[in-house]
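Open the model in your viewer and keep the selection tool at hand. This tour goes from enclosed spaces to single residues and then to charged pairs.

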Amino acid sequence: MVKSAVLGYPRIGVGRAMKKNFSWIGQNGLLITHQVIENYWNGKATAEELQEVAKNVRKERWQTIQKAGVDIIPSGDFTLYDHLLDHSFNFGVIPERYVSQGMSPQDTYFAMGRGRQVKEKGIDVVASEMGKFFDSNYHIVKVDHEPKTAFKLNNNQWLSEYEEAKALGIETRPVLFGPITYLSLVRKSRDSPAEFEPLQLLDSLIPIYKEVLESLKKAGAQEVQIDEPILVLDKAEAYGDLFKKVYEALAPVAPKITITTAYGRVGKSIEFLKDLPIHALHLDLDREPKQLDEVLAALKPTKAGIELGVVSGRNIWKNDLKASKALAEKAVAELGADRVVVSTSSSLLHTPISLKVETKLTEQQKSWLSFAEEKCEEVAALAAALNGQESSLFEQNTKDIAARREFERTSDSAVRDRVAGITEEQLARKAPFPERRAAQKKHLNLPKFPTTTIGSFPQTKEIRLARSKFGKGEISQEEYEKAMEAEIRHACEFQEKVGLDLFVHGEPERNDMVQYFGEQLNGFIFTQLGWVQSYGSRYVRPPIVVSDVSRPAPMTVRWSAYAQSQTSKPMKGMLTGPVTILNWSFPRADVSKEIQSKQLALALRDEVVDLANAGIKAIQVDEPAIREGLPLRKADWDNYLRWAVDSFRLSTSGVENDIQVHSHFCYSDFGDIFPSIQRLDADVISIEASKADLKLLDVFKSYGYSNEIGPGVYDIHSPRVPGEQEIKDRIAAMVKVLPADLLVVNPDCGLKTRGWKETEESLANLVAAARWARETYA
C-alpha cells in the first residue's frame with residue numbers, strides 16, 4: 001500500500017491574538033508562537049508560559065496533519081527560533097562567549113540566535129552568524145565550530161517530542177538534520193586553522209546521533225527522517241565515503257531511516273546512495289521531476305523504497321493531482337506499492353498555514369491555491385488514489401487546474417511587448433563609474449567615510465496602529481498621510497541631530513519591503529494571514545504573482561520628495577529590486593522567472609526615473625535575495641546570473657550620470673558570485689558584514705572592488721548596542737583591505753525591527769567612529 005508523508009510543518013498559527021494575551025488559541029482556532037517568544041524576550045512571559053504555548057502549538061500541528069489523513073507525521077521539527085540552532089544547542093555546542101555570561105539555558109539559547117545585552121547584569125554577547133537556507137528565504141543560525149568542539153547530548157528534543165505526540169495517541173516520524181548536512185551548514189570559527197572544516201568533526205558527532213536514534217528506537221519509533229539536503233549540491237558527489245561511514249554506523253541502532261533530499265536533484269550521488277543501509281530515499285520531484293527515472297533504475301535492485309516529493313513545499317499553487325498520480329504510478333510499477341510513499345517536496349515551513357482563514361481572496365483565487373493544511377490533504381488524497389480510493393477532491397482538482405490554465409492564457413500584451421523590446425542600451429549606464437562619480441560628488445557633497453543607513457527606521461506601535469486604522473477605514477487617507485509625514489519629519493530631525501550624511505526617509509508607510517511594492521503593482525494578489533517564517537520571530541506575508549506585472553502609477557515618489565523637502569541633506573530614494581521582489585514573492589509557475597523579473601525591472605525603471613525627476617539624487621535598489629535565488633547546481637548558474645544582473649541594470653540604467661545608484665545585500669555567501677555583483681555596476685553597494693564577523697573582507701582581498709562600498713559595521717538583528725570602539729575596529733579592518741576613499745559607513749541592514757532607543761545609541765556610535773576615521777585616515 002502506498003503511504004503519505006509530510007516532511008515538516010509551519011511553526012506558527014495564523015491568528016495574531018498572542019500579541020495581547022497568553023491564550024493558546026489565535027484567530028480562527030489556530031495557534032501561534034511568535035508573540036509569546038517576543039513577550040518572553042521583553043520580560044512579559046515566563047519560560048514556563050513559553051514552553052506551555054509551544055506544547056499546545058505542537059499538539060495542534062500534529063492533530064491538523066492527522067486530521068488531513070496523512071500516514072507519516074513529522075515530530076522534532078518544531079523550534080522556538082531555528083532548527084539548525086536547536087541541533088547545536090541540543091548537541092552541547094555552546095561557544096564560551098555564551099557560557100561565560102551565566103544565563104539560564106533558555107536565555108543562552110536565544111542569545112545564540114539574536115545576541116543579548118543587559119547592562120545592569122554585565123551581559124553583552126553578540127549573536128551567531130545567520131545565513132540563508134539553501135535557496136529559500138528562511139534563515140538558519142550558524143553556530144561556531146572549531147577543532148576542539150566537543151559534542152554531548154545536552155537535550156534530546158527528538159525523544160521528548162516523539163513521546164509527547166505518542167501520549168496524544170499520534171505516532172510520528174522524528175526529524176533530524178543528517179550529520180553531514182549539519183556539519184556542512186554550521187560555521188567554522190574565525191580563529192580556527194585555515195585547513196580546518198567542521199566536517200572533520202564527523203567521527204566525534206556520530207556517537208551523539210547513535211545515542212539519539214537508539215533512544216528513539218527504544219521508545220518505539222518505527223522510522224526516522226534524516227534530512228540531508230546537502231545531497232542536492234555538487235560537492236556532495238564527493239562525499240560517498242562519508243555517507244557510507246555515517247549510515248553504516250547509524251543503521252544498526254536506529255529505527256528505519258528515510259533520507260530526504262529537498263530543494264534539488266541528487267545527481268551523481270545516487271551512485272552511492274543506492275548502496276546505503278536505509279529504508280527509503282526521498283526525492284524533490286517538484287523541483288526536479290526528471291531525476292525519477294534514473295533513481296528508480298538505481299533503487300530497483302535494492303530493498304530501499306522511494307519517497308516521492310510531488311506536492312511542493314515551496315510554492316502555494318494547487319497540485320495537479322492527475323499529473324502527480326501519473327508520476328507516482330511509474331514508481332509503483334517499478335518498485336511495487338509497498339516501496340512507495342508520496343510526500344511533500346520539502347518541509348511546509350515555507351508556506352502559509354491555511355487557506356481556510358482567508359476571507360478576502362475571491363473564490364476563483366482560492367481555487368488556484370494550496371497552503372500547508374491543504375497540501376496535507378493533497379498528499380493524503382494522492383496516496384488514497386494510488387490505492388484505488390480516488391476521492392471527490394480529484395474531480396474538483398481537475399476542474400480547478402483547468403480553470404487556472406485558462407486564466408494563464410490571458411496576458412497584458414503591452415507588458416509582453418515591452419519585455420520583448422528590451423535592448424542592450426537599456427542595460428547600461430550612460431558612462432563608466434569614474435565619470436559618474438565625479439558628477440555625483442558635485443551634487444551630493446559627501447565627506448570621506450560618509451555615513452548612512454540602509455533605509456528603514458523603527459516601525460513603532462504608533463506607525464502600525466495608524467496603518468491598521470487606515471486599512472480598516474477608521475481614519476481617512478489624509479489623516480494617514482499626515483501621520484506618515486510626521487514620522488518622516490521625525491526621521492529627518494533625528495538624522496540631523498545624530499549627524500548622518502546621506503539621509504533616508506525611514507519608510508514608515510511600508511508594511512514590508514516586498515509587499516509594499518506588490519500592493520501598488522498590477523499582477524499581484526495578497527493574503528490576510530499568509531505568514532511565512534523568515535527567521536526567529538520574524539514572519540512575512542509574501543505577495544503572489546498571478547499575472548503580468550506593470551506599474552499603474554508612481555509608488556514612492558510622493559514620500560521621498562516630501563522627505564527631501566524637510567532637509568538640505570541629500571535623501572536616498574528607497575526601492576526593492578526586481579530579483580528580490582520576485583524571490584520573496586510566490587512566483588507564477590506558468591511563466592519563467594526571467595520574464596517575471598524583467599517585467600518587474602521595467603516597472604521599477606519607470607519609478608527610478610520618476611524619483612530622479614523629482615530631485616532625488618541617490619536611489620537605492622535593494623537586492624538582498626540575488627544570491628539566495630542562485631540555483632544550487634553550478635551548471636545552472638550562468639543563465640540565472642545573466643538575467644538577474646540584467647534585471648537590476650535594466651531597472652537602474654534609465655537615469656543620468658549624476659544620480660548615485662545604491663544597492664544592498666545581506667545574509668548570504670556572496671564570495672562565489674562576487675564578479676556578478678561587480679557587474680551590477682551600482683555606484684555604491686552596502687553589504688552585511690559584521691554579523692558574519694567581517695569574513696566578507698576575504699572576498700574583497702581576492703576580487704577587489706572598484707566602486708564605493710559599505711560593509712556593515714554592526715548587526716541590526718540583535719538588540720545589543722555596539723560600542724564606538726567596536727565600530728572603529730571594524731572600520732580599521734576594512735581600511736586594510738579596501739581604499740579608504742571608497743568606504744561608506746553603515747549598519748548591516750535596515751532598522752525596522754529595532755527600537756528607537758537602541759537605534760539612537762547605535763547610530764551615535766557609528767557617526768562618532770566615522771568622524772574618527774576621517775581624522776585617522778585623512
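**Start inside: the cavities**

The lining of the second largest cavity has ten nonpolar, eight polar and three charged residues. The model is a predicted one. This cavity has a volume of about 240 Å³. To find it, select Leu7, His83, Val175, Asp227 and Ser347, the closest to its centre of the 21 residues that line it. Now colour α3 (83–90), β8 (172–177) and β10 (223–227), the elements that each give two or more residues to this lining. Of these, β8 gives the most, with three residues.

Next, move to the largest cavity, at about 570 Å³. Select Met513, Arg538, Trp584, Cys749 and Lys752; among the 35 lining residues, these are the closest to the centre. Add the strands β16 (532–535), β17 (538–540) and β19 (572–576), which each supply two or more lining residues. The largest share, three residues, comes from β19. By class, the lining counts 15 nonpolar, twelve polar and eight charged residues. A search of the whole structure finds nine cavities of 30 Å³ or more.

**Stops in the loops**

Select Phe449, in the loop between α17 (433–444) and α18 (461–471). Check its backbone: phi is near 50°, a positive value in a residue other than glycine. Is Phe449 buried or exposed? Phe449 is buried, with a relative accessible area of 1%.

Go on to Asp681, in the loop between α25 (674–679) and β22 (684–687). Asp681 is not a glycine, yet its phi is positive, about 60°.

Then pick Ser718, between β23 (708–711) and α27 (724–735). This loop residue is buried, at 2% relative accessible area. What does the side chain of Ser718 reach at 2.7 Å? Its partner is the backbone oxygen of Arg114. Show the surroundings too: leaving aside neighbours within four places in sequence, Ser718 is in contact with Arg114, Gly115, Arg754 and Glu758.

**Charged pairs**

Side chains of opposite charge can pair when their charged atoms come close. The structure holds 58 salt bridges. Visit three of the pairs, then a network.

Select Arg287 and Asp135, whose closest N and O atoms are 2.9 Å apart. Arg287 sits in the loop between β12 (280–284) and α11 (292–299), and Asp135 in the loop between β5 (129–132) and β6 (139–142), so the salt bridge ties together parts 152 residues apart in sequence. Arg287 is partly exposed at 31% relative accessibility, whereas Asp135 is buried at 12%.

Now take Asp636 and Arg265, a salt bridge with closest N and O atoms 3.3 Å apart. This pair links distant parts of the chain, 371 residues apart: Asp636 is in the loop between β20 (618–622) and α24 (637–652), and Arg265 is in the loop between β11 (256–260) and α10 (270–273). Asp636 is partly exposed, at 32% relative accessible area. Arg265 is partly exposed as well, at 23%.

For a pair between helices, select Arg679 and Asp646, with closest N and O atoms 3.8 Å apart. Arg679 lies in α25 and Asp646 in α24, so this salt bridge ties together parts 33 residues apart in sequence. Arg679 counts as partly exposed, at 35% relative accessibility. Asp646 counts as buried, at 12%.

End with Arg97, Glu129, Asp144 and Arg187. Salt bridges that share partners join these four residues into one network.

How values were computed
Residues numbered from 1 in each chain as written. Predicted model: local features only at pLDDT ≥ 70, side-chain atom pairs only at ≥ 80, totals over all residues. Heavy atoms only, no water. 1 Å grid on protein atoms, 1.4 Å probe; cavity = no way out; pocket = protein on both sides within 12 Å on 5 of 7 lines; lining within 4 Å. Points joined across faces, edges and corners; volume = space filled by probe spheres on them. Helix = DSSP H or I, 4+ residues; strand = E, 2+ residues; numbered from the N terminus. Nonpolar A, V, L, I, M, F, W, Y, C, P; charged D, E, K, R; others polar. Buried < 20%, exposed > 50% of the residue type's maximum accessible area, 1.4 Å probe, protein only. Polar contact = N/O pair within 3.5 Å; in protein donor to acceptor, adjacent residues only side chain to side chain. Contact = heavy atoms within 4.5 Å. Salt bridge = Lys/Arg side-chain N within 4 Å of Asp/Glu carboxyl O.
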